[in-house]
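Student: I am new to this structure and would rather study one part of it slowly than hurry over everything. Could you choose a part, look at it closely, and then show me how the rest is arranged around it?

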Amino acid sequence: MRWFWIDRFIEFVRDTRATTVKNVSFGEEPIDDYLPGHPHYPHSLIIEGMAQTGGLLVSESGGFRTKTVLAKISKAVFHDLIVPGDQVFLQAVAEDIKPTGAIVQGTVVVGGQVRAELELSFAFLDDRFGDGALFPPEDLLRTLRILKLFDVAVDQNGNRIYAPEHMLEAERQAAIGIRHKRP
Amino acid sequence: MQVSEDVFSKVQAALVDALGVDDDEVTPQATMVGDLGAESIDFLDIVFKLEKSFGIKVATEDLFPKDILTESSYVQGGKVTASGIAELKKRMPWADLSKFETNPRVQDFGDLLTVSDLCRYVQSKIA
């Protein structure tokens, strides 16, 4: 099982805002199993979905090289449950991005109604936490493509954002490695 | 430097919101780390709230002059030297360093900042 709680980006403006969509299905184990007989999208996973949306938003301008981790949930207010069949829009707004971290305001909307309001703090880990990336760049690139991030991503002037060169290079190197391993 | 009541109440509100503490815990003498339990990530949140509330820009190095505390000419045997203290006073005129000066261990610097210091810092930024 892949630990992704967003399905697709539908909006992404560099260092500013991003919106993802999450389609909630009865077929997802955590939704069915969290409270048997009363399936709903657990609040913790709504936060995780917003953390994924906001975390990618505040990491992009650094070419996804920053080691971004969710450090603090300053606010989490839930107004109503989200249930199977709901299409959830996770709207993240970057309130502040500093060299050490970022603050993101999140709004969770279903059918035009606000279901949750969040405020998340992200930390950008420094060299004390190792000099490698948190995820292999080629794997992260594949995920970003699946999430359609580069289909919608623009900078603040409306210019399209493409996959960073270092990720494409990592992908090429990984492909060469795979070819060399073949008998 | 005199701190206005308005500055104190806005700083207090920011700390209550960011740290989940009660109003009455945020006294002028309370230390941010030791008394109020602030962790490093909380300072990002506190700075954000202060910037929003007062319309100021807060540089992290204003509150934590890491360059001084890691500079070999200012630190010897884990303690800040006299010239280091002088530099800290120059950089942080709003901070009360008198207690720190008696045993200036670098490792204790993190718990130096009090609510009063933070108020004076904000006051100096909006003055």
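Tutor: Let us begin where strand 5 of chain A and strand 6 of chain A run antiparallel, joined by ten bridges. Helices and strands here are DSSP runs (H or I over at least four residues for a helix, E over at least two for a strand), numbered from the N terminus, and two strands pair if DSSP finds at least two bridges between them. This is a predicted model, in which local features need pLDDT of at least 70 and side-chain atom pairs count only at pLDDT 80 or more, while totals for chains, interfaces and linings use all residues. Residues are numbered from 1 along each chain as its sequence is written, and chains are lettered from A and ligands numbered from 1 in the order in which they are written.

Within this pair of strands, A:Gly106 has A:Leu118 of strand 6 as its bridge partner. The two strands form a hairpin with two residues between them, and A:Gly111, which sits in the turn, has a positive phi of about 55°.

Strand 6 of chain A also pairs with strand 3 of chain A, again in the antiparallel sense and over ten bridges. Along that pairing, A:Val69 is matched with A:Ala123 of strand 6, and A:Phe78 is matched with A:Ala116 of strand 6. Helix 2 of chain A packs on the sheet, where it touches strands 1, 2 (17-23), 3, 4, 5 and 6 of chain A, and its direction makes about 50° with that of strand 4 of chain A. Such angles, which run from 0 to 180 degrees, are taken between the N-to-C directions of lines fitted to C-alpha atoms, for helices over the stretch in contact, and two residues are in contact if their C-beta atoms, placed from the backbone, lie within 7 Å.

Taken as a whole, the sheet is open and has seven strands in the order 3-6-5-4-2-1-7 (chain A), with mixed pairing. Its edge strands are strand 3 and strand 7 (153-154) of chain A, each of which pairs on one side only.

One residue beside the sheet deserves a pause, namely A:Thr66, which lies in the loop between helix 2 (43-59) and strand 3 (67-78) of chain A. A:Thr66 counts as buried because it has 22 C-beta neighbours inside 10 Å; the cut-offs are 20 or more other C-beta atoms within 10 Å for buried, 12 or fewer for exposed, and anything in between for partly exposed. Leaving out residues up to four places away in sequence, A:Thr66 touches A:Ser59 and A:Phe124.

Next comes the nonpolar core, meaning a set of buried Ala, Val, Leu, Ile, Met, Phe, Trp, Tyr and Cys residues joined through C-beta atoms within 7 Å. The largest one has 61 residues, and those that touch the most other members are A:Met50, A:Leu57, A:Val104, B:Val11 and B:Leu15. Among the elements that each supply at least two residues are strand 5 (101-110) and strand 6 (113-125) of chain A, and helix 1 (5-19) and helix 2 (40-54) of chain B. Helix 2 of chain A gives the most to this core, with seven residues. With residues up to four places away in sequence left aside, A:Leu57 touches A:Phe12, A:Ala18, A:Ala92, A:Ala94 and A:Val104.

The second chain meets the sheet as well: helix 2 of chain B lies across strands 3, 4, 5 and 6 of chain A, running at about 75° to strand 5 of chain A. This contact takes eleven residues from chain A and six residues from chain B. On the side of chain A that touches chain B, strands 3, 4, 5 and 6 of chain A each give two or more residues.

Finally, the two chains can be set out in turn. Chain A has five helices and seven strands, and buried residues make up 31% of its 183 residues. Chain B has seven helices and two strands, following the pattern α-α-α-α-β-β-α-α-α along the sequence, and 29% of its 127 residues count as buried.
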